[in-house]
Amino acid sequence: MKYDFWYTIILTAILLVVAPGRVFSESGAVKSDGGKMPTDVPLLPAGTGQGDKMSSQVLTDKLSNAVGTEYVIGAEDVLDITVWRNVDLSRQVQVRPDGRISMPIIRDVVAVGKTPTKLAEEMTNKLKEYVQNPVVAVTLKEVNSSNIFLLGEIAHPGKYPLKSRTTLLQGITMAGGFKETAARNQIVIFRFTETAPGMKRFTASYDDIVLRSGISDNFELKPGDTLVVPSESMVVFPGR
């Protein structure tokens with residue numbers, strides 16, 4: 001027993017010298033300073049943090065909602081007009097139904113039918129009479145002029161914004177699709193024309209588009225188009 005006691009003391013001392021800073025526990029060996037073993041999962045790089053992901057998503061959303069340089073301003077659109085280094089002349093305005101906007105000094109300016117770049121150039125030239133070296137920037141804040149109107153035997157008739165290229169079938173999908181009573185092969189589209197006064201009437205068939213390779217009937221809708229899906233009773237019994 002005496003020798004066993006001294007043997008234990010000597011063995012413990014050797015272990016402390018050879019492997020200092022280590023302790024033993026039932027779960028295994030760990031560093032005394034609380035460090036992690038090599039089997040621990042490494043931390044993600046700082047660049048992959050949640051904040052960076054959110055910033056990237058915000059940037060993506062902004063880019064997806066951006067309007068092209070060829071966008072033509074319409075009535076009820078909201079414009080953010082900035083005159084560089086001149087807060088009094090800068091403001092946010094909505095295009096009036098008559099197609100004009102009201103600005104300080106230069107007063108009414110026609111905006112409808114022009115791109116933001118073209119409108120900025122015209123306003124810059126007008127301000128040169130009153131301001132030295134004016135620089136005008138026109139930004140489209142809200143798109144309110146591009147709309148289509150869906151009526152008849154569809155789930156949700158009404159006015160819908162046209163913010164991107166939209167086909168006839170996509171327009172019907174926006175409104176929830178056909179009702180059971182819809183005459184889907186007798187779709188009628190009314191459109192304003194630039195070459196002649198008044199409106200032009202188009203017809204389209206859902207079955208032709210989907211089943212009979214009538215892909216040309218699935219044409220692109222234009223701002224101001226009115227799409228009407230009549231009921232089957234109107235087609236079978238016209239005039240009732």
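1. In this predicted model, Val 138 touches Leu 79, Asp 80, Ile 81, Pro 116, Leu 119, Ala 120 and Met 123, leaving aside residues up to four places away in sequence.

2. Val 138 is also listed, together with Leu 79, Ile 81, Ile 101, Leu 119, Met 123 and Val 136, among the residues with the most contacts inside the largest nonpolar core, which has 21 residues. At least two residues of this core come from each of strand 3 (78-83), strand 5 (100-103), helix 3 (116-127) and strand 7 (136-142), and helix 3 provides the largest share, namely four residues. A second core, separate from this one, has 17 residues, including Leu 150, Ile 209, Phe 219 and Val 229.

3. Turning to charged side chains, eight salt bridges are found in a search of the whole structure. Arg 96, Asp 98 and Asp 108 are linked in a network of such bridges: the closest N and O atoms are 3.0 Å apart in the pair Arg 96 and Asp 98, and 3.2 Å apart in the pair Arg 96 and Asp 108. The latter pair links distant parts of the chain, since Arg 96 lies in the loop between strand 4 (91-94) and strand 5, whereas Asp 108 lies in strand 6 (residues 107-110), twelve residues apart.

4. As for accessibility within that network, Arg 96 counts as partly exposed at 27% relative accessibility, Asp 98 is partly exposed at 47%, and Asp 108 is partly exposed at 38%.

5. A further salt bridge joins Glu 122 and Lys 114, with the closest N and O atoms 2.4 Å apart. Here Glu 122 is partly exposed, with a relative accessible area of 23%, while Lys 114 is buried, with a relative accessible area of 15%.

Methods: Residues are numbered from 1 along each chain as its sequence is written. This is a predicted model: local features need pLDDT of at least 70, side-chain atom pairs count only at pLDDT 80 or more; totals for chains, interfaces and linings use all residues. Side-chain values use heavy atoms; hydrogens and water are left out. A nonpolar core is a set of buried Ala, Val, Leu, Ile, Met, Phe, Trp, Tyr and Cys residues joined through side-chain atoms within 4.5 Å. Buried means under 20% relative accessible area, exposed over 50%, partly exposed in between (1.4 Å probe, protein chains only). Contact means heavy atoms within 4.5 Å. A salt bridge is a side-chain nitrogen of Lys or Arg within 4 Å of a carboxyl oxygen of Asp or Glu.
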